[in-house]
Amino acid sequence: MTLQMDLPTADEYPTRKATEPSLLYRRDPVVWQGSEGGPFTSGELEGYDRRGYTQVESMVSPQEVEAYRAELRRLSSDPALRADERVVVEPSSEEVRSVFEVHKVSKVFRDLVNDPRLVNRARQILGSDVYVHQSRVNYKPGFGGGSFYWHSDFETWHAEDGMPRMRAVSFSVALTDNYTHNGALMIMPGSHRTFVSCVGETPDDHYRSSLKSQHVGTPDQASLTMLADRHGIDVLTGSAGDVTVFDSNCMHGSGGNITPYPRSNVFIVFNSVDNACTKPFSANGARPEFLAARENTPVGR
């Protein structure tokens, strides 16, 4: 089933349209109604609703982690894939940074995006069937893994992909141990309830540069300072096999990795089938399919 709506849609979260940044109240639930029961306890859902994220320890077994690592190595050494637009390299070293749409280039990861351990949790949070809006593997090798600046994923997905509402959830499956010192994910807990409207018009084909280093669509320092002062910053450490689940509007980022210890993860974005992307809200054209799926066929069925 493909659903692509080209009719005008009310913009509840205007961004990249004004000359000054602004902070807007979230207009959507965090945990949606419509799905009864699921793997999360009521306490875990309450914590997710409050913080905007939760962590599930040892969701993936050591044997599965090793299988995913092996597939990661295979993908990074595939010369044909290296020439594919879905592969993003570090701007300084030309080392592989990310491989997008990984569930379509790898059966191993196609099975993962249909895994009920993930899908049922996504359904429980979003209150509906879900589809994969985006998938990728992130490499952050030792001695050179680059940083990801503070951002809300939803800001980009709304502005450049046409995602109408905050009804998407991200799963980060750790394939390596996450320490405070090897570029671990940082989140401002509670920041998901505030939308930072950014300045600067979206250039055509912005994705070509933003995947390596984003400047348009990043929050201003004053807004970041205000959110950090209000909410603090959590550094999400853990072991390989742990899974971090976080809301689409969480303010998050990660530092570079200058340690010997790599940090790699599989990143899957589940979007509600009732939240299919329309025309971009702040761009002249939608990003390619490998960054933002236009087909909303449910997974895990």
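**A tour of the salt bridges**

Begin by selecting Arg-117, which is partly exposed, with a relative accessible area of 25%. The model on display is a predicted one. Show the side chain of Glu-64 as well: Arg-117 and Glu-64 form a salt bridge, and their closest N and O atoms are 2.7 Å apart. Now colour the two helices involved. Glu-64 belongs to helix H2 (residues 62-76) and Arg-117 to helix H6 (residues 116-126), so this pair ties together parts that are 53 residues apart in sequence. Glu-64 is also partly exposed, at a relative accessible area of 23%.

Next, select Asp-84, Arg-86, Glu-101 and Lys-104, which are joined into one network by salt bridges that share partners.

Move then to helix H1, residues 42-51, and display Glu-46 and Arg-50, which lie four residues apart there, about one turn of the helix. Their side chains meet in a salt bridge, with an N to O distance of 2.6 Å. Both ends of this pair are worth viewing with the surface switched on. Glu-46 is partly exposed, its relative accessible area being 43%, and Arg-50 is likewise partly exposed, with a value of 45%.

For the last stop, select Lys-17 together with Asp-11. These two residues form a salt bridge whose closest N and O atoms are 2.7 Å apart. Asp-11 has a relative accessible area of 23%, and is therefore partly exposed, since buried would require a value under 20%.

How many salt bridges does the count come to? With a side-chain nitrogen of Lys or Arg required to be within 4 Å of a carboxyl oxygen of Asp or Glu, the count comes to 19 salt bridges.

Methods
Residues numbered from 1 in each chain as written. Predicted model: local features only at pLDDT ≥ 70, side-chain atom pairs only at ≥ 80, totals over all residues. Heavy atoms only, no water. Buried < 20%, exposed > 50% of the residue type's maximum accessible area, 1.4 Å probe, protein only.
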